[in-house]
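Trainee: Could you take me through one part of this structure slowly, as I am new to it? I would like a close look at a single pocket and what surrounds it.

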Amino acid sequence: MSEQHLWKALIPYQSSHFTQSFLCELYSKLGIENAQRKSYQNSNAMSYYLQHGQNYLKNADHSSIEIRPVLLFYGLVQLIKGLLLTVDPDYPSHTDVLAHGVTTRKRKKANYDFLDDTVKIQTKGLYTHGMSQLFHLNAVPAEKWSMSMLLRSIPDIQELFLRINRQKPLIRVHIKGQTMTVNERILDSLHMTPDRFCNYLTRQSGVSFQLENSTIGDLTLVTSNDIMPSLMHYPFFKNMQDEPFLPLHKDLYHELPEIFIHYLTLYNLSMICRYETEWWYDLHSQSASNDKPFILQFLDISSQKIPKLVGEYLFRCESMI
């Protein structure tokens, strides 16, 4: 996909006039007081945040792999700040929201394995504020996320997990109108009967599914509404081609939006890049572990997926007004 196409959704926001009009309509729709005044105050800031984030990511694409995580992470930080101005006109209202909101172990243990590494959520910071404001989700302080869980939640990395670890964390689902079809092996992975899976997915997604007579090897669920709008939300994941997936394991039925999956993973990689220099350069000069292909593919996917996720969020905002 061309660089120009990746960033197409952000092109109008290079105009402060468009951005101000967009924010004014959005603030009015959300019932925010003094919508016009606040939209004037924030239009340049939002445009600059988005442009700055875009510049970070574009430079990351042309940088050496050794410094790419730092550029990708700080580019994503700027983009999230731009998105926050769509719902929080007073951002940043205090210094607590400027911190990253996540920590990781500075010194790695012997026999360190990246996929086993974790990041811990802090009480305050950009992560917590972004989860709350952008997705109405409460981050859990001291909660830990493993790199394995985060990467297994990204559909675009599924093939690599299959080839290296002989596991496939997610399974493709097929949608047509009000009908969803998924391979029956999801029942074995989740240890569920068809009826129990149908009820479980209804509870998880908020979409009222009903079990239909299934063909051999496939499970068919139907609902009274068009399923496609629900694919923007938990528990579905989408790849770059907008193909939907469901987790094959219960631990992946989490509500973490993919943009924050990239945020947490890039945070950890940027810290490793800056503070674990010896391990980081050993990784790139040797091929002794499986960490390298997972990290390289994640960085490649992240540089493409971040513009897509940001663009989708802005399009949803524009559709509200």
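**The second largest pocket**

Mentor: Eleven residues line the second largest pocket, and those lying nearest its centre are His 5, Leu 6, Ala 9, Lys 308 and Phe 315. Please keep in mind, as you look at these side chains, that the model is a predicted one. The volume of this second largest pocket comes to about 220 Å³. As a general point, empty space left among atoms is revealed by rolling over them a probe the size of a water molecule.

It helps to ask next which helices supply at least two residues each to the lining of the second largest pocket. They are helix H1, which covers 3–6, and helix H12, which covers 291–319. Of the two, H12 deserves your attention, since the largest share of the lining of the second largest pocket, five residues, comes from H12. If you then sort the lining of the second largest pocket by class, you will find six nonpolar residues, together with two polar and three charged ones.

To place the pocket within your wider view of the model, you may also look at the sheet, an open one in which three strands follow the order E1-E2-E3 with antiparallel pairing. Its edge strands, each pairing on one side only, are E1 (102–104) and E3 (144–146), and neighbouring strands of the sheet are turned by 30 degrees against each other on average, direction ignored. Helix H10, residues 258–275, packs on this sheet and touches E1, E2 and E3, while its direction makes about 45 degrees with that of E1.

Definitions and conventions:
Residues are numbered from 1 along each chain as its sequence is written. This is a predicted model: local features need pLDDT of at least 70, side-chain atom pairs count only at pLDDT 80 or more; totals for chains, interfaces and linings use all residues. Side-chain values use heavy atoms; hydrogens and water are left out. Two strands pair if DSSP finds at least two bridges between them. Helices (H or I, at least four residues) and strands (E, at least two) are DSSP runs, numbered from the N terminus. Axes are lines fitted to C-alpha atoms, for helices over the stretch in contact, and angles run from 0 to 180 degrees between N-to-C directions. Contact means heavy atoms within 4.5 Å. On a 1 Å grid over the protein atoms alone, a cavity is a set of points where a 1.4 Å probe fits but cannot get out, and a pocket is an open set with protein on both sides within 12 Å along at least five of seven lines; lining residues have an atom within 4 Å of a point. Grid points are joined across faces, edges and corners, and a volume is the space filled by probe spheres set on the points. Ala, Val, Leu, Ile, Met, Phe, Trp, Tyr, Cys and Pro count as nonpolar, Asp, Glu, Lys and Arg as charged, and the others, Gly among them, as polar.
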